[in-house]
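Student: I would like a close look at a single part of this structure. Please take the packing of one helix pair as the starting point, and then connect it to the loops and the aromatic rings.

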Amino acid sequence: MRRATFQTRVTTSAATLFFSVVACMVMWLIPHWSEPLRLAGLGITLLTAYVMVEWNNAYSIMRVRSRMMSSVFVMLMGACPMLQEWNAHMLAPLCLLLCYYCLYRSYQKVRAEADLFHAFACLGIGCLFFPQLLYFVPLLLMCCLVQLRSLSLRSFMACLLGLMLPYWCYAGYAIWHNQLDLTVLHFEQLLSPQMPDYGTLSVEQVLAGAFITAAALLATFHYQRTAYNDRIRTRMFLNLLVVQEYLIIALLAVQPAHFNTFLRLLIANSAPLIAHYLTLARGRWFNAWFIIYLLLYAAFAVLMRIAPESWKIW
């Protein structure tokens, strides 16, 4: 019987998520343990991690029993101080994950109207807080047609109704308060694109974007090379994430004004792929690479706290 490697013990241990959450809380709260906005941000992040646990339990995205999806998510969020203060945009990753959860239920269903309605209703709620989530709609519909094979004329109409439902409620609220112009202003930023201004990015943002994008792309390329090891159902689920990942990276590059929110979305979307890579990759030297990977993460977390916030790179 082969001896379990350090990689296997870490990625399949039930204690990994517990220690990841503790490490995230330490990085999150020190030295700002008394700031209410950071505490609220931590609460939303832990709730999102819990949704990710349920998401993995329901659809067995990992081939082995592992909590690495949520562990990767909380560790990456904990390492990035500029993502930790509460604002309404922090609800966007949570709404996106709830959308995925409902979308996966529609896999190869003949009558998937209810699941797709709930999925796009969750996405519509997220759009109220972060309108740029509407960019995800065309590719999600394409994934419903190609990967999930659940899109029909009925389910397409259910998608539109689910997406519009939060806006109907919002419009009713705006009319009641005689502020209907708020609905127009909500879409104005989508209809009036601006040239990217990279001068607004700090060293921390560029460093975090480079590290997380590199980790996500490495995991994606590994998955695409070894996808034959997964069941067809799991491959379809992960292919949906791959499509959305490329979209998020493109938006991260062309809309630096919303860099922090798109980075949160990239972390949430890529956590399953990174966890898949760290847990299931095999090779003669991969155990050593896994240790180096953890050391690189530790160096990244330290650099994110010592780089002066006032530095600009452009």
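Tutor: What follows begins with one helix pair, moves on to two loop residues and ends with the aromatic pairs. The model is a predicted one.

The helix pair consists of α6, residues 113-129, and α7, residues 137-146. Their axes come within 12 Å and cross at roughly 160 degrees. An angle over 145 degrees counts as roughly antiparallel, and α6 and α7 are therefore roughly antiparallel to each other. The crossing in which α6 passes α7 is right-handed. On the side of α6, the contact is made by Leu116, Phe120 and Leu123; α7 contributes Val137, Leu140, Leu141 and Cys144. Sorted by class, this contact of α6 with α7 holds 7 nonpolar residues, with no polar and no charged ones.

Beyond α7 lies the loop between α7 and α8 (153-176), where Arg149 is found. The phi of Arg149 is near 55 degrees, a positive value in a residue other than glycine. Most residues other than glycine have a negative phi. A second residue of this kind is Ser60, with a positive phi of about 50 degrees although it is not a glycine. Ser60 is placed in the loop between α3 (36-59) and α4 (68-79). With a relative accessible area of 37%, Ser60 is partly exposed, because that class covers values between the 20% limit for buried and the 50% limit for exposed.

Turning to the aromatic rings, the count comes to 14 pairs. In one of them, Phe18 and Phe19 have ring centres 5.4 Å apart and planes at 75 degrees, so the pair is edge-to-face; the angle required for that class is over 60 degrees. Both partners are exposed: Phe18 has a relative accessible area of 54%, and Phe19 has one of 55%. Another edge-to-face pair is formed by Tyr277 and Phe286, at 5.4 Å centre to centre and with 85 degrees between the planes. In this pair the partners are buried, since the relative accessibility is 7% for Tyr277 and 9% for Phe286, and buried means under 20%. Edge-to-face geometry thus occurs here with exposed partners, Phe18 and Phe19, and with buried ones, Tyr277 and Phe286.

Ring pairs also link several residues into a cluster, made up of Trp55, Tyr59, Tyr100, Tyr101, Tyr104, Tyr107 and Phe237. Of these, Trp55 and Tyr59 fall within the residue range of α3, 36-59, the helix that precedes the loop holding Ser60.

Terms used: Residues numbered from 1 in each chain as written. Predicted model: local features only at pLDDT ≥ 70, side-chain atom pairs only at ≥ 80, totals over all residues. Heavy atoms only, no water. Axes fitted to C-alpha atoms, helices over the stretch in contact; angles between N-to-C directions. Helix = DSSP H or I, 4+ residues; strand = E, 2+ residues; numbered from the N terminus. Parallel < 35°, antiparallel > 145°, perpendicular 65-115°, else oblique. Left-handed = near helix turned anticlockwise from the far one by under 90°. Contact = heavy atoms within 4.5 Å. Nonpolar A, V, L, I, M, F, W, Y, C, P; charged D, E, K, R; others polar. Buried < 20%, exposed > 50% of the residue type's maximum accessible area, 1.4 Å probe, protein only. Phe/Tyr/Trp six-rings, centres within 6.5 Å; stacked < 30°, edge-to-face > 60°.
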